[in-house]
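Here's a small set of exercises to work through with the model open beside you. Try each task before reading its solution.

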Amino acid sequence: MTIRVLIADDQMMVREGFSVLLNAMPDIEVVGEAVNGREAVERVRELSPDVVLMDIRMPELNGIEATREIVAADGAAKVLVLTTFDLDEYVYQALRAGASGFLLKDASARQLADGVRVVASGEALLAPSVTRRLITEFSKLADVPRLAPAQASYGDLTERETEVLVLIAHGLSNVEIAGRLVVAESTIKTHVSRILVKLGLRDRTQAAVFAYEARLVTPG
């Protein structure tokens, strides 16, 4: 199936450049563009894309609020945040709002296309070297409300589910977790689904943020 993409960025050159790169891929189609967050929300409602490439700093409605509205609408669209800097407070806030991952704007054509495919497949785009550092820094901010409440909130997880949650936070895919725990990939998928349901989380990215904020993972 062709992956339908919406590009939301207030810079025309960025939108056009990404459109050219993605439309050159046989399995990806750019179905629309938006110049600000408000238009992005409206276009998602109209076009039902699979993936939204979302700039953070946009007029009228920023990418964080736009992401929150798109996620709250309970649609199928996955949000992939675009940023100029790999250590950006706003990126962390966007992940907490429900974004499925982020990419640097200077990513190569291959990285961009692979990122879209990863997010469209339901996986989180979590590069451990960058995302772990970002989550570590901004989960310490005193003025950021916690996504994860007290320990009682994850007390319902089994020992194996907690182990899987920690590995998710380290950026491992289902295949990698299965290899680490020496079980079938389908078993890991079941564990991930149960973790999300028990914690009331939307996807793997929020699960990773949860694990750090609940101090289940020691950043490093």
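One cut-off to keep in hand: buried means under 20% relative accessible area, exposed means over 50%, and partly exposed is what falls in between. Also bear in mind that this is a predicted model.

**Exercise 1. Get your bearings**

Task: Find how many helices and strands the protein has, and what share of its residues counts as buried.

Solution:
- Start with the secondary structure: there are 10 helices and five strands.
- Next, take burial: 50% of the 220 residues count as buried.
- Finally, look at how the chain folds back on itself. Take the contacts between residues at least 6 apart in sequence; 68% of these join residues at least 24 apart.

**Exercise 2. Classify three loop residues**

Task: Place Ser173, Val182 and Ala24, and decide for each whether it is buried, partly exposed or exposed.

Solution:
- Ser173 sits in the loop between helix H7 (159-169) and helix H8 (174-181). Its relative accessible area is 24%, so Ser173 is partly exposed.
- Stay with Ser173 and look for partners beyond four places in sequence: Glu123 and Arg204 are in contact with Ser173. Ile188 is 15 residues away along the chain from Ser173, and their C-alpha atoms are 9.6 Å apart.
- Val182 belongs to the loop between H8 and helix H9 (185-199). At a relative accessible area of 70%, Val182 is exposed.
- Ala24 is in the loop between H1 and strand E2 (28-34). With 61% relative accessible area, Ala24 is exposed. Its C-alpha atom is separated by 9.6 Å from that of Ala109, although the two positions lie 85 residues apart along the chain.

**Exercise 3. Check the backbone**

Task: Say what the phi values of Ser48 and Val182 are, given that neither is a glycine.

Solution:
- Ser48, in the loop between H2 and E3, has a positive phi near 50 degrees.
- Val182 also isn't a glycine, and its phi is positive, about 55 degrees.

**Exercise 4. Two helix pairs**

Task: Work out how H1 and H5 are oriented to each other, and do likewise for H7 and H9.

Solution:
- Take H1 (residues 12-23) and H5 (residues 109-120): their axes come within 10 Å and cross at roughly 75 degrees. Angles of 65 to 115 degrees count as roughly perpendicular, so H1 and H5 are roughly perpendicular to each other.
- Who makes that contact? On the H1 side, Phe18, Leu21 and Leu22; on the H5 side, Ala109, Leu112, Ala113 and Val116. The tally for this contact is seven nonpolar, no polar and no charged residues.
- Now H7 and H9: the axes are 10 Å apart and the packing angle is about 95 degrees. H7 and H9 are therefore roughly perpendicular to each other.
- From H7, the residues are Arg160, Glu161, Val164, Leu165 and Ile168; in H9 they meet Ile188, His191, Val192, Arg194, Ile195, Lys198 and Leu199. This contact divides into seven nonpolar, one polar and four charged.

**Exercise 5. Map the cores**

Task: Find which residues have the most contacts inside the largest nonpolar core, and which element supplies the largest share of this core.

Solution:
- Nonpolar side chains tend to be buried together in soluble globular proteins, which is the idea behind this search.
- The largest nonpolar core has 25 residues, and Val52, Met54, Ile70, Val79 and Val81 have the most contacts inside it.
- At least two core residues come from each of these: strand E1 (3-8), helix H2 (37-47), strand E3 (51-55), helix H3 (63-72), strand E4 (78-83) and helix H4 (89-97). H4 gives the largest share, five residues.
- Zoom in on Val52: beyond four places in sequence, it touches Leu6, Val44, Ala77, Lys78, Val79 and Leu80.
- Apart from this core lies another one, of 24 residues, with Tyr154, Tyr212, Ala214 and Val217 among them.

**Exercise 6. An annotated aspartate**

Task: Find where Asp55 lies and whether Asp55 is buried or exposed.

Solution:
- Asp55 is part of strand E3.
- The relative accessible area of Asp55 is 7%; that is under 20%, so Asp55 is buried.
- Leaving out residues up to four places away in sequence, Asp55 touches Ala8, Asp9, Asp10, Gly63, Leu82 and Lys105.
- Last, consult the record: an unreviewed UniProt entry annotates Asp55 as "modified residue: 4-aspartylphosphate".

Note on methods
Residues are numbered from 1 along each chain as its sequence is written. This is a predicted model: local features need pLDDT of at least 70, side-chain atom pairs count only at pLDDT 80 or more; totals for chains, interfaces and linings use all residues. Side-chain values use heavy atoms; hydrogens and water are left out. Axes are lines fitted to C-alpha atoms, for helices over the stretch in contact, and angles run from 0 to 180 degrees between N-to-C directions. Helices (H or I, at least four residues) and strands (E, at least two) are DSSP runs, numbered from the N terminus. Angles under 35 degrees count as roughly parallel, over 145 as roughly antiparallel, 65 to 115 as roughly perpendicular and the rest as oblique. Contact means heavy atoms within 4.5 Å. Ala, Val, Leu, Ile, Met, Phe, Trp, Tyr, Cys and Pro count as nonpolar, Asp, Glu, Lys and Arg as charged, and the others, Gly among them, as polar. Buried means under 20% relative accessible area, exposed over 50%, partly exposed in between (1.4 Å probe, protein chains only). A nonpolar core is a set of buried Ala, Val, Leu, Ile, Met, Phe, Trp, Tyr and Cys residues joined through side-chain atoms within 4.5 Å. UniProt positions are given in the numbering used here, feature names are shortened, and annotations may be inferred rather than shown by experiment.
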